[in-house]
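Let's take a friendly walk through this protein model together. Have the sequence and the 3D view open as you read.

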Amino acid sequence: MAASSFADSLGLKVAQRSPLAMANSIKAGLPLSSLERLSKAIAPDDASFPYRFVPRATLTRRKSAREPKLTIDEGNRVAAVAKVWEFAMDIYRDEEKAREFLYRRHPMLENQRPIDVATDTGVGADLVINLLGRAAYGGAA
């Protein structure tokens with residue numbers, strides 16, 4: 001997956017697009033706008049999607065901060081889901097088809113929706129990426 005497309009999902013500046021620069025951005029605290037941008041891409045009609053990453057009260061409080069940022073843990077989860085989204089887009093090349101995959105229950109995920117598995121943990125995001133890879137490269141999916 002290209003670092004620039006991943007960075008686009010998070011709205012990162014050109015200087016933050018190398019893999020190491022992105023890791024440093026997460027460590028320093030991704031801007032809250034990264035979560036907002038990713039949420040609009042993956043779940044444009046779901047206003048509660050950002051609360052999968054940050055509790056509602058915390059998010060409301062952070063929005064009023066001078067420089068609203070995500071914690072390292074939140075940033076890691078947001079970045080992991082951004083990778084899932086970008087890989088789904090690389091495969092399906094269409095936002096609706098990518099969303100359809102993410103929101104449809106899958107037997108290889110014990111009938112859970114890929115989006116739920118991916119947003120729960122980084123390991124879950126890796127499982128969904130693996131599943132997408134199997135679909136893209138001819139494995140059973």
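What follows is a short tour of confidence, core, one helix in detail, salt bridges and a few backbone points.

## Confidence in the model

Please keep in mind that this is a predicted model. The mean pLDDT of the protein is 90, and 91% of the residues reach at least 70. Confidence varies from element to element: helix 7 (residues 114-120) has the highest mean pLDDT, 97, while helix 1 (residues 3-10) has the lowest, 70. As a general caution, predicted coordinates should not be read in detail where pLDDT is low.

## The nonpolar core

A good place to begin is the largest nonpolar core, which has 38 residues. The members that touch the most other members are Ile42, Trp85, Leu102 and Val128. Helix 1, helix 2 (19-28), helix 3, helix 5, helix 6, helix 7 and helix 8 (122-136) each supply at least two residues of this core. Helix 5 gives the largest share, with ten residues. Such a grouping can be set beside a general tendency: in soluble globular proteins, nonpolar side chains tend to be buried together.

Valine 128 is worth a closer look in your viewer. Leaving aside residues up to four places away in sequence, valine 128 touches Val84, Phe101, Leu102, Leu109, Pro114, Val117 and Ala118. One of these contacts, Leu102, is also among the core members with the most contacts to other members.

## Helix 4 and its two faces

Which residues of helix 4 are buried? In this helix, residues 56-63, they are Thr58, Leu59 and Arg62. Viewed down the axis of helix 4, these buried residues fall within an arc of 100 degrees, so they line one face of the helix. The face turned away from that buried side carries the exposed residues Arg56, Ala57, Thr60 and Arg61. The general geometry is familiar: an α-helix has 3.6 residues a turn, so residues three or four places apart point the same way.

What do the buried residues of helix 4 pack against? Their partners are helix 3 (32-42) and helix 5 (72-92). Arginine 62 also takes part in a salt bridge with glutamate 74, with an N to O distance of 2.6 Å. This pair links distant parts of the chain, with glutamate 74 in helix 5 and arginine 62 in helix 4, twelve residues apart. Are the two residues buried or exposed? Both glutamate 74 and arginine 62 are buried.

## More salt bridges

The structure holds seven salt bridges. One of them joins arginine 52 and aspartate 116, whose closest N and O atoms are 3.0 Å apart. Here, too, distant parts of the chain are linked: arginine 52 sits in the loop between helix 3 and helix 4, aspartate 116 in helix 7, and they are 64 residues apart. Arginine 52 is partly exposed, at a relative accessible area of 25%, and aspartate 116 is partly exposed as well, at 21%. Arg52 and Asp116 belong to a network of salt bridges that also includes Arg113.

Another salt bridge lies within a single helix. Glutamate 95 and arginine 99 meet at 3.0 Å, N to O. Both lie in helix 6 (residues 95-103), four residues apart, or about one turn of the helix. Glutamate 95 counts as partly exposed at 40% relative accessibility, whereas arginine 99 counts as buried at 11%.

## Tyrosine 103 and two loop residues

Tyrosine 103 lies in helix 6 and is partly exposed, with a relative accessible area of 25%. Its C-alpha atom is 6.4 Å from that of proline 114, although the two residues are eleven residues apart along the chain. Not counting residues up to four places away in sequence, tyrosine 103 touches Ile42, Ala43, Phe49, Arg113 and Ile115. Among these, Arg113 is a member of the salt-bridge network described above, and Ile42 is one of the core members with the most contacts to other members.

Finally, have a look at the backbone of two loop residues. In general, most residues other than glycine have a negative phi. Arginine 93 has a positive phi of about 55 degrees although it is not a glycine. This arginine is found in the loop between helix 5 and helix 6 and is exposed, with a relative accessible area of 67%. Asparagine 111, also not a glycine, has a positive phi of about 65 degrees. Asparagine 111 is placed in the loop between helix 6 and helix 7 and is partly exposed, at 45%.

Methods: Residues numbered from 1 in each chain as written. Predicted model: local features only at pLDDT ≥ 70, side-chain atom pairs only at ≥ 80, totals over all residues. Heavy atoms only, no water. Buried < 20%, exposed > 50% of the residue type's maximum accessible area, 1.4 Å probe, protein only. Arc of directions from axis to C-beta. Contact = heavy atoms within 4.5 Å. pLDDT = per-residue confidence, 0-100. Salt bridge = Lys/Arg side-chain N within 4 Å of Asp/Glu carboxyl O. Core = buried A, V, L, I, M, F, W, Y, C linked by side-chain atoms within 4.5 Å.
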